[in-house]
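Colleague: I'm new to reading protein models, and I'd like a close look at a single part of this one. Could you walk me through it and then show me how the rest fits around it?

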Amino acid sequence: EWSRLEGLRQNRIDQLAAIDAAAERLADGSDAVCTVCGGPIAPERLEVRPEATTCIDCAQQQSSLG
Ligand SMILES: [Zn+2]
């Protein structure tokens with residue numbers, strides 16, 4: 001079970017890193033920008049998912065790709 005636990009731990013670390021990046025972005029005062037289309041990420045989305053790096057449209061496209 002070690003590899004599974006390690007995977008979970010890595011996920012957690014990735015999540016924290018993403019949240020850190022989001023916090024830095026906010027501290028910079030720069031708007032969050034979608035890494036896919038370069039468009040703005042809605043503040044409402046960032047409130048729900050501070051670690052989001054894509055806009056709602058791109059996130060939906062990615063999730064529909066499965
Ligand atoms: Zn986008």
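Modeller: Let's start in helix α1, where Arg9 and Glu6 are three residues apart, which means that about one helical turn separates them. In this predicted model, the two side chains form a salt bridge, and their closest N and O atoms are 3.1 Å apart. The general idea is friendly enough: side chains of opposite charge can pair when their charged atoms come close. Now look at how much of each partner is open to the outside. Arg9 has a relative accessibility of 48%, so it counts as partly exposed. Glu6 is partly exposed as well, with a relative accessible area of 38%.

How many salt bridges does the structure hold? There are two. Besides the pair in helix α1, Arg49 and Glu51 meet through their side chains, with 3.4 Å from N to O. Arg49 is partly exposed, at a relative accessible area of 40%.

Let's step back to the whole chain for a moment. It has three helices and zero strands, so if you read along the sequence you meet the pattern α-α-α. Helix α1 covers residues 2-28 and α2 covers 43-48, while α3 takes in residues 56-65. Of the 66 residues in the chain, 21% are buried. The accessible surface comes to about 5200 Å², and carbon and sulfur atoms account for 55% of that.

Next, find the zinc ion. Which residues hold it? Its protein donors are the SG atoms of Cys34, Cys37, Cys55 and Cys58, at 2.3 to 2.4 Å from the ion. The angles among these four donor atoms run from 104 to 116°, and the site is tetrahedral. Along the chain, the donors follow the spacing C-x2-C-x17-C-x2-C.

Two of these cysteines deserve a second look. Is Cys58 buried or exposed? Its relative accessibility is 7%, and the cut-off for buried is under 20%, so Cys58 counts as buried. Cys55 is buried too, with a relative accessible area of 9%. Both Cys55 and Cys58 belong to the largest nonpolar core, which has seven residues. The other members are Ala32, Cys34, Ile41, Leu46 and Ala52. You can therefore see Cys34, Cys55 and Cys58 in two roles here: as donors of the zinc ion and as members of that core. Leaving aside neighbours within four places in sequence, Cys58 is in contact with Cys34, Val36 and Cys37.

Gly38 is a good place to see how sequence and space can part ways. Gly38 sits in the loop between α1 and α2, and at 46% relative accessibility it counts as partly exposed. Gly38 and Cys55 are 17 residues apart in sequence, with their C-alpha atoms 8.6 Å apart in space.

Finish with Ala59, in helix α3. Ala59 and Cys34 are 25 residues apart along the chain, and 9.4 Å separates their C-alpha atoms. Setting aside neighbours within four places in sequence, Ala59 is in contact with Arg45 and Thr54. For the chain as a whole, among contacts with a separation of 6 or more, 22% link residues 24 or more positions apart.

Key
Residues numbered from 1 in each chain as written. Predicted model: local features only at pLDDT ≥ 70, side-chain atom pairs only at ≥ 80, totals over all residues. Heavy atoms only, no water. Donors = N, O, S within 2.8 Å, 3.2 Å for Na, K, Ca; no water. Tetrahedral: all angles 85-135°; square planar, octahedral: opposite > 155°, others 65-115°. Buried < 20%, exposed > 50% of the residue type's maximum accessible area, 1.4 Å probe, protein only. Core = buried A, V, L, I, M, F, W, Y, C linked by side-chain atoms within 4.5 Å. Contact = heavy atoms within 4.5 Å. Helix = DSSP H or I, 4+ residues; strand = E, 2+ residues; numbered from the N terminus. Areas by Shrake-Rupley, 256 points an atom, 1.4 Å probe, with all protein chains shown as cover. Salt bridge = Lys/Arg side-chain N within 4 Å of Asp/Glu carboxyl O.
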